[in-house]
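Me: I have a model open and would like to walk through it with you, starting from the ligand. Could you keep the answers plain?

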Amino acid sequence: MNLAQLLVRASAIWPDAPAICHGTRQHASYQQFVHRAACAGGSLLREHGLARGDRVALLMQNRPEYLEALYAIWFAGLVAVPINARLHKRECAYILEDSGATVCFVSPELEAYLPERVSSVVTPGPAWRDMQAGSPIDAAAVGKDDIAWLFYTSGTTGQPKGAMLSHGGLRQMTLSFFVDVEQLLRDDSVLHAAPLSHGSGLYNFAAVQAGANQVIPASGHFDPGEVFGLIEAYPGAFMFAAPTMVKKLVESPDAARADTGNLKNIVYGGGPMYLSDLKAAMALFGNKLGQIYGQGESPMTITTLTRTMHRDASDARLSSVGVAQSVVEVKVVDEAGGALPEGAVGEICVRGEVVMSGYWNNPEATARTLVDGWLHTGDMGSFDEHGFLTLKDRVKDVIISGGSNIYPREVEEVLLLNPDVLEVSVVGHPHPEWGEEVVAFVVARAGSKPGEAELDSLCLDHIARFKRPKRYLFLEALPKNNYGKVLKTELRKILADQ
Ligand code: AMP
């Protein structure tokens, strides 16, 4: 079943319901949404001469038309290639080239990023409006294994790779959302404050499935003050946020006077949420936080720590990523691929229909990542006796010092207990005697500087002696990619350059 059928269905049931809002203004009802998508889809086939399976890129800030363009692509039976609008021109060019997209929906200010080979539809603009002029088409017949979305991974190392996500897989993801994450309802509103090219965009299907409203902030990006305003304006507000966004909301000067009564749930994920940050968020929002663990290769769907599971939870449970979602099997394996028992740390593997079918045009990387039907996530973790999974770190970030494994996250959690520490990231650095030594990069809160002795004794109070950092380096800010993920490769480079 074509994902565009979700929209056809919603429009049949709730034609006049608000479907997309821009700030506090309504942009489209469901009837308007489906009509624009079906017309633009027809234009992609007729005027742009595209045929089933061709790739169409989206290089746009969060805009209401983003959602319409996505569904236009699916109406026509084409493959969407969403590109994060904050990537470097070079990175965008790489994705356009790798995917072989020949048409791109592009924001006016990003048009210059497109190579000549790619024909642009500046959106919004006259070209986009012209696409609405023709007649609407029926949603193309596609198979469940046909690719709907080429999801380019954030690529904290190496070039991004296009995970092939199918119509059937994304349907599974959406059903799992309702079973495992949240019961979205028709009167709820999904706020897209995070890039539509990534997790937030993947949750559009749940909104359409429920007949809920989708709200694009007028600024087109994440602004804490604006988000608090939208939460006040929209009852049943739901949003997906990276942990760094949750932290920014909590630390925003607007937090103190915000009325979050309308908030239904903030689902966070995509990176580690530190316990001290989670507790601060729960103090502000109450029991309205849920967590998911996923990756582009198994979109939004590996584990879940629901709102209910956050309530009265122990620190250990709040530090976990929850339990396997219903549509996947999750196991932890050793280096030889053998399943490990509870309590043992190994690589996390996932199997299920939601998992990508492979990387676009990259059989070598596919063969390394999908082994006997199991996705190897590259993340380390362990299950407890109740089925709760605790993530350690990426396999390549684990520090081996004097023969022992040290998980940076554990050290980071401890250092964050110091109120003068705003952010921290721990990496390993080659050491002639120990193999690697532990180094902490610390960002201090404005106007304060925690002493090294203080940090050292904090570590001695909480973790084994050998795990404590041998060096502390203070930075103004941590290097991060466009999704807010800390770039440990950059930190290791700083050490190598010293
Ligand atoms: P991406 O494919 O860009 O979405 O990145 C996925 C990676 O982000 C995962 O493999 C994890 O390393 C990390 N990640 C995702 N969700 C979580 C979470 N809830 N807690 C910690 N790390 C996470």
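Reply: A word on terms before the ligand: a residue is near a molecule if one of its heavy atoms lies within 4 Å of it. Please also keep in mind that this is a predicted model.

Me: Fine. Which residues come nearest to the ligand?

Reply: There are 17 residues around the ligand, and S154, Q295, G296, D379 and K485 come nearest.

Me: What classes of residue make up the shell around the ligand?

Reply: By class, nine residues of the shell are polar, five are nonpolar and three are charged.

Me: And which polar atoms does the ligand approach, on Q291, G296 and R394?

Reply: A nitrogen atom of the ligand lies 2.9 Å from an N or O atom in the side chain of Q291. With R394 the partner is again an N or O atom of the side chain, at 2.9 Å from an oxygen atom of the ligand, whereas with G296 a polar backbone atom is 2.9 Å from a ligand oxygen.

Me: How much of the ligand does the protein bury?

Reply: The protein buries 90% of the 500 Å² that the ligand exposes when taken alone.

Me: Which elements give two or more residues to that shell?

Reply: Those are strand 13 (289-295) and strand 20 (389-394), and strand 13 supplies the largest share, with five residues.

Me: Changing topic to the start of the chain, which residues of helix 1 are buried?

Reply: In helix 1, which spans residues 4-13, the buried residues are A4, L6, L7, A10 and S11. They are on the same side of helix 1, because the arc they cover around the axis is only 150 degrees.

Me: Is there a general reason for that sort of spacing, or what should I keep in mind about turns?

Reply: An α-helix has 3.6 residues a turn, so residues three or four places apart point the same way.

Me: What covers that side of helix 1?

Reply: The cover over the buried residues of helix 1 includes helix 2 (30-46), helix 3 (64-75), helix 6 (167-181) and helix 8 (204-210).

Me: Now helix 4. Which of its residues are buried, and which exposed ones sit on the face turned away?

Reply: Within residues 89-99, helix 4 has C92, I95, L96 and S99 as its buried residues. They cover an arc of only 100 degrees around the axis, which puts them on the same side of helix 4. The face turned away from this buried side carries the exposed residues R90 and E97.

Me: What do the buried residues of helix 4 pack against?

Reply: They pack against strand 3 (55-59), strand 4 (79-82) and strand 7 (147-152). Just after helix 4 comes G100, which takes a positive phi of about 70 degrees.

Me: Back to helix 3 for a moment: E68, buried or exposed?

Reply: E68, which lies in helix 3, counts as buried because its relative accessibility is 1%, and the cut-off for buried is under 20%.

Me: So what does the side chain of E68 make a polar contact with?

Reply: The partner is the side chain of H27, at 3.0 Å. Not counting residues up to four places away in sequence, E68 touches I20, H27, A28, F33, R36, A37 and W128.

Me: What about H167, where does it lie, and what is it in contact with?

Reply: H167 lies in helix 6 and is buried, with a relative accessible area of 1%. Leaving aside neighbours within four places in sequence, the contacts of H167 include M1, N2, L3 and W74, together with V142, G143, K144, D146, I147 and A148.

Me: How far is H167 from D379?

Reply: Their C-alpha atoms are separated by 26 Å, and the two residues are 212 residues apart along the chain.

Me: Last one, E182: which side chain does it join?

Reply: A polar contact of 2.9 Å joins the side chains of E182 and N265. E182 lies in the loop between helix 6 and strand 9 (189-191) and counts as buried, at 6% relative accessibility. Beyond four places in sequence, E182 touches F177, F238, K264, N265 and R307.

Conventions: Residues numbered from 1 in each chain as written. Predicted model: local features only at pLDDT ≥ 70, side-chain atom pairs only at ≥ 80, totals over all residues. Heavy atoms only, no water. Buried < 20%, exposed > 50% of the residue type's maximum accessible area, 1.4 Å probe, protein only. Helix = DSSP H or I, 4+ residues; strand = E, 2+ residues; numbered from the N terminus. Arc of directions from axis to C-beta. Contact = heavy atoms within 4.5 Å. Polar contact = N/O pair within 3.5 Å; in protein donor to acceptor, adjacent residues only side chain to side chain. Areas by Shrake-Rupley, 256 points an atom, 1.4 Å probe, with all protein chains shown as cover. Nonpolar A, V, L, I, M, F, W, Y, C, P; charged D, E, K, R; others polar.
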